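Please examine the metal site and the cysteines of the model shown here.

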Amino acid sequence: MLAAGICKHRVAKVQRSMKACNSELLVLFPSANMLYLSGFYDEPSERLLLLFVPQEGEPIFLAPALYADQIRQSSPVQDIRVWKDSDEPTVLLRRVLAELAPNEAGVLVDDTMWSMFLLMLETALPQADFSPASQVMVPLRMQKSPDELSHMRKASSIADEAFEEVSRMNFTGLTELQVAAALEQAMRQRGAEGVAFETLVASGPNSAMPHYRAGQRRIEPGDVVILDFGCRVQGYCSDITRTVVCQKPSKEIEAVYGIVRQAQERASQAIRPGVAAEEIDRAARSCITQAGYGERFIHRTGHGIGLEVHEGPYINEGNALQLQQGMTFSLEPGIYLPGKFGVRIEDIVTVGEKGAASLNHCTHELQVVE
Ligand code: CO
Ligand code: CO
């Protein structure tokens, strides 16, 4: 159950931003935004389930009857309007909209809302001006509270311990999927609610593809293996990457690893409140470029993380957003040599008063697995 005080505080904050951008109503769909503001989440489905936040006054849930108890159990939002499977939910939808958006002015809708629901809203409010809810939700969710950070620390330390356990295993002859399963099991045994995203284990030449998942390839001596994984605690995500080598690293692997490690550490050292997000990307990228691998660092340096694995702030060139205390994001530079191997090192860091504090504490030394 989300504490009533936290819910009220978050709703009040979003209502202030709605006032500032002249929005009469915010409409959320089952999403991380709904979870953040109300405490309730379920997988999106074809049944109409929305949370309405008016510019003033209390939020209202419009939900299928079968969800009523689940909402009461997880959310302090009192006003739940339910519809039964035998009802036509748009009748109730029109009634709620007439109450909360009488002027048919600015309406903010969840960015991930399915188009079938957005079309229903557009039909019900033909005069309204629709825009994405991210403009009020992203700034609100970027800075983590001490409570949120404590869940994220727990999720990160579970991931750290899973890496330490799994890196003691014998990798030779295992498939990538078997290593992924071992990581996931190690996280669940330590109290993770589930994985934050599909576990990525990329061996040998597969490691040169940043978003390769895990497959049936068997790990051989001399292979580089990238492990990128994370779990959830109280809905909050962790996300860590470590690159290991099976049995014996080549000179080239050691050299590339050293460059990525330096880039990751430089990025971390550049973090302070007030510094632009793009400066952090530049700190990592200039290291890799100077070493001659600039063309082989083919993604941004990092992404914000919280209730979602990828959220604001994004750490890339072109993002002039100034970092503030409590912002929490990944630092994950990499070098990818097609057909050969890739190296990536990723930690989650939070912006503290004087600089970065890492949520991950696993070693950055190149680990050799058997
Ligand atoms: Co990752
Ligand atoms: Co990441």
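The following report treats the metal site first and the cysteines afterwards.

This is a predicted model, in which local features need pLDDT of at least 70 and side-chain atom pairs count only at pLDDT 80 or more, while totals for chains, interfaces and linings use all residues. Residues are numbered from 1 along each chain as its sequence is written, chains are lettered from A and ligands numbered from 1 in the order in which they are written, and side-chain values use heavy atoms, without hydrogens and water.

D239 (OD), H303 (NE2), E332 (OE) and E346 (OE) coordinate the cobalt ion (ligand 2) at 2.1 to 2.2 Å. Donors are N, O and S atoms within 2.8 Å of the metal (3.2 Å for Na, K and Ca); water is not among the atoms, so sites may look incomplete. The arrangement is irregular because the four donor atoms subtend angles of 81 to 159°; four donors would count as tetrahedral if all angles lay between 85 and 135 degrees, and as square planar if opposite donors were over 155 degrees apart and all others between 65 and 115. The donor residues follow the spacing D-x63-H-x28-E-x13-E. D239 also coordinates the cobalt ion (ligand 1), which lies 3.0 Å from the cobalt ion (ligand 2).

D239 and H303 are both buried, that is, under 20% relative accessible area (1.4 Å probe, protein chains only).

The structure holds zero disulfides, a disulfide being a pair of cysteine sulfur atoms within 2.5 Å. For C7, the nearest cysteine sulfur is that of C21, 19 Å away. Two buried cysteines are listed below.

| Cysteine | Relative accessible area |
|---|---|
| C7 | 7% |
| C287 | 5% |

Technical notes
Tetrahedral: all angles 85-135°; square planar, octahedral: opposite > 155°, others 65-115°. Buried < 20%, exposed > 50% of the residue type's maximum accessible area, 1.4 Å probe, protein only.
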